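I opened a notebook for this one and wrote down what I looked up, entry by entry. The sequence and structure come first.

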Amino acid sequence: MSLQLFPLKGAFADPSVADPRLPTARCPFPRAQRLRTRNSRGLRQRSDAAAKTGDLEKAFPFPAWEKLDEVANLQNLGLEIRKEQVPSTSAFPSLPTSPDSKSSKRVLLYRDTNGWCPFCERVICALVEKNIEFDCVYIDLRNKPAWYLDIVETGLVPAAEIDGRLVWESKDILDALEETFPEPSLLPTEFSEDANAASALADTLSRAGFSFLRGREYGSDGPGDPTELLESFRSRLQEMEDALARHPGPFFLPQFSLADVVHIPHMQRFAAYLPNIRDEVVLHGPGAQYPRIAAWLDALEERPGFRAVKSDPETHVQVVRRLFGVQPSVEAERPRGASAAGARLVTNREAVVKDVLANAGLDSGDSFVRQAVELTVGMLAAELLGEAPAKPDLADDPPSKARFCAVAAAVLAFLRSRVSSPRDMPADAASSFRAAIDKMLREVYW
Ligand SMILES: N[C@@H](CCC(=O)N[C@@H](CS)C(=O)NCC(=O)O)C(=O)O
């Protein structure tokens with residue numbers, strides 16, 4: 001059987017890649033292939049036998065968790081496991097979500113379970129910068145406990161108990177921390193006017209940025225005027241640029257301060273969103289339009305408080321798309337080899353589907369699986385060719401949706417390791433092929 005995934009054919013043959021007269025239709029790793037077949041049969045036999053005796057441990061090597069615990073060095077990472085809580089790991093010491101949770105530390109922070117709240121980030125950033133020990137209690141914002149609503153009248157996070165005094169509203173918490181723990185200071189009194197101006201700008205700038213990204217004014221249902229939204233965002237960014245110029249060094253004041261802390265959450269988000277969602281505004285990297293803001297973003301990387309709350313750009317983009325339904329207007333630049341890879345996949349789809357069904361470990365006798373495999377291959381081809389990949393509409397059927405996603409993930413992972421260059425496609429096409437698969441895998445459980 002030919003194991004070549006995408007045999008070069010007719011019009012799609014790329015003469016720069018391989019001479020179709022060469023015996024490329026043979027698997028370049030025939031020995032490896034034979035070994036794989038033997039091993040998988042062996043495993044099946046062993047697992048059948050083990051299943052009869054119920055002794056799975058003999059069939060499958062279970063992870064050596066104790067050894068892995070040791071290697072992972074959990075204590076040194078400061079990771080705490082909170083049994084029966086979601087999320088169950090956190091770099092921050094935490095207590096059960098209960099009205100009776102009493103902390104031995106001077107600060108107890110109530111924050112969101114999903115770890116995304118930008119206002120909680122402000123508080124954590126200040127706590128870390130000021131070396132204040134704290135415990136966290138995680139509040140599920142979709143199902144807030146009644147006792148939390150009783151003690152915090154807004155019902156919002158963050159809230160903090162500081163030496164037994166309960167404070168909410170992120171900026172009020174920052175002030176209370178300064179009062180209670182004056183050293184090291186994050187608010188030098190001689191610059192309080194500039195700090196107040198920066199704090200006010202944090203609100204107007206974040207509103208303008210989110211309005212621009214969502215295409216509508218904060219609090220309004222209808223679409224806004226895109227040019228006005230862009231101009232308003234730009235003028236707030238210019239205000240920030242000017243404020244950063246007021247003192248020497250990269251920060252708002254001559255030293256890192258609360259003025260920086262209050263801007264960190266929305267600015268780290270905008271820096272992540274813009275290149276992926278709306279590229280009219282460039283905050284960072286080549287073509288940066290606000291040099292002081294770009295230098296400020298660079299300087300943050302050195303701050304322990306920022307590192308404690310920093311997320312990766314991809315998480316930010318995924319969250320804003322899911323949470324606010326923000327759709328990118330930026331056309332992701334299609335990598336150079338994408339069309340070539342797409343063309344090969346379309347031309348050879350039958351062979352590819354057959355190969356997946358025969359070798360990816362899926363139940364090829366099941367018609368749902370067969371359809372899901374073909375659809376996934378089609379979605380990948382569409383992705384590579386710059387077409388919108390059509391996903392099945394399974395919103396009303398969660399079990400089938402989950403099943404489809406699982407099959408799609410298996411197909412994509414299989415093809416990712418299966419493709420071989422130059423056997424199947426030129427090098428840049430293979431890179432694009434894998435990049436497209438990585439992108440789809442990130443979004444496969446939609
Ligand atoms: N002005 C507040 C805003 C806090 C806020 O909006 N928190 C959000 C999480 S990011 C929240 O608790 N949302 C829950 C809700 O709206 O019910 C502050 O600065 O602390």
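**Entry 1. The whole protein**

What percentage of the residues in the protein are buried? I found that buried residues make up 41% of the 446 residues. I note here that this is a predicted model. I looked up the secondary structure next and got 19 helices and seven strands. For the surface, I read an accessible area of about 24,500 Å². Carbon and sulfur atoms hold 52% of that surface. I also checked the contacts between residues with a separation of 6 or more: 70% of them join residues 24 or more positions apart.

**Entry 2. The ligand**

Which residues surround the ligand? I listed Cys117, Pro118, Phe119, Leu141, Lys144, Leu156, Val157, Pro158, Glu169 and Ser170. I then went through some polar distances.

- Lys144 has a side-chain N or O atom 2.4 Å from an oxygen atom of the ligand.
- Ser170 has a side-chain N or O atom 2.7 Å from an oxygen atom of the ligand.
- Val157 offers a polar backbone atom, 2.9 Å from a nitrogen atom of the ligand.

How much of the ligand does the protein bury? Taken alone, the ligand exposes 510 Å², and the protein buries 70% of that.

**Entry 3. Salt bridges**

I counted the salt bridges and the total came to 18. I had to remind myself of the background: side chains of opposite charge can pair when their charged atoms come close. I looked at three of the pairs.

The pair Arg111 and Asp112 has its closest N and O atoms 3.2 Å apart. I checked both residues for burial, and Arg111 and Asp112 are both buried.

In the pair Glu121 and Arg269, the closest N and O atoms are 2.8 Å apart. Glu121 is in helix H5 and Arg269 is in helix H11 (residues 264–277), so this salt bridge ties together parts that are 148 residues apart in sequence. Glu121 is buried, as is Arg269.

For Lys439 and Glu383, I read 3.1 Å between the closest N and O atoms of the salt bridge. Lys439 belongs to helix H19 (residues 427–442) and Glu383 to helix H17 (residues 367–384), so the pair links parts 56 residues apart in sequence. Is each partner buried or partly exposed? Lys439 is partly exposed, with a relative accessible area of 29%. Glu383 is buried, at 18%.

**Entry 4. A buried charge**

I went back to helix H5, which covers residues 118–129, to look at Arg122. Which side chain of opposite charge is nearest to Arg122? It is Asp203, 4.2 Å away. A salt bridge needs the nitrogen and the carboxyl oxygen within 4 Å. Arg122 has no salt bridge, although Arg122 is buried.

I then asked which residues Arg122 is in contact with, leaving aside neighbours within four places in sequence. The list is Ser170, Lys171, Leu174, Ala202, Asp203, Val261, Val262 and Pro265. Ser170 also appears among the residues around the ligand.

**Entry 5. Helix H16**

Which residues of helix H16 (residues 349–359) are buried? I wrote down Val352, Val353, Asp355, Val356, Leu357 and Asn359. For background, an α-helix has 3.6 residues a turn, so residues three or four places apart point the same way. Last, I looked just after H16, where Gly361 takes a positive phi of about 80°.

Notes. Residues numbered from 1 in each chain as written. Heavy atoms only, no water. Helix = DSSP H or I, 4+ residues; strand = E, 2+ residues; numbered from the N terminus. Buried < 20%, exposed > 50% of the residue type's maximum accessible area, 1.4 Å probe, protein only. Lys, Arg positive; Asp, Glu negative; His and termini not counted. Contact = heavy atoms within 4.5 Å. Areas by Shrake-Rupley, 256 points an atom, 1.4 Å probe, with all protein chains shown as cover. Near = heavy atom within 4 Å. Polar contact = N/O pair within 3.5 Å; in protein donor to acceptor, adjacent residues only side chain to side chain.
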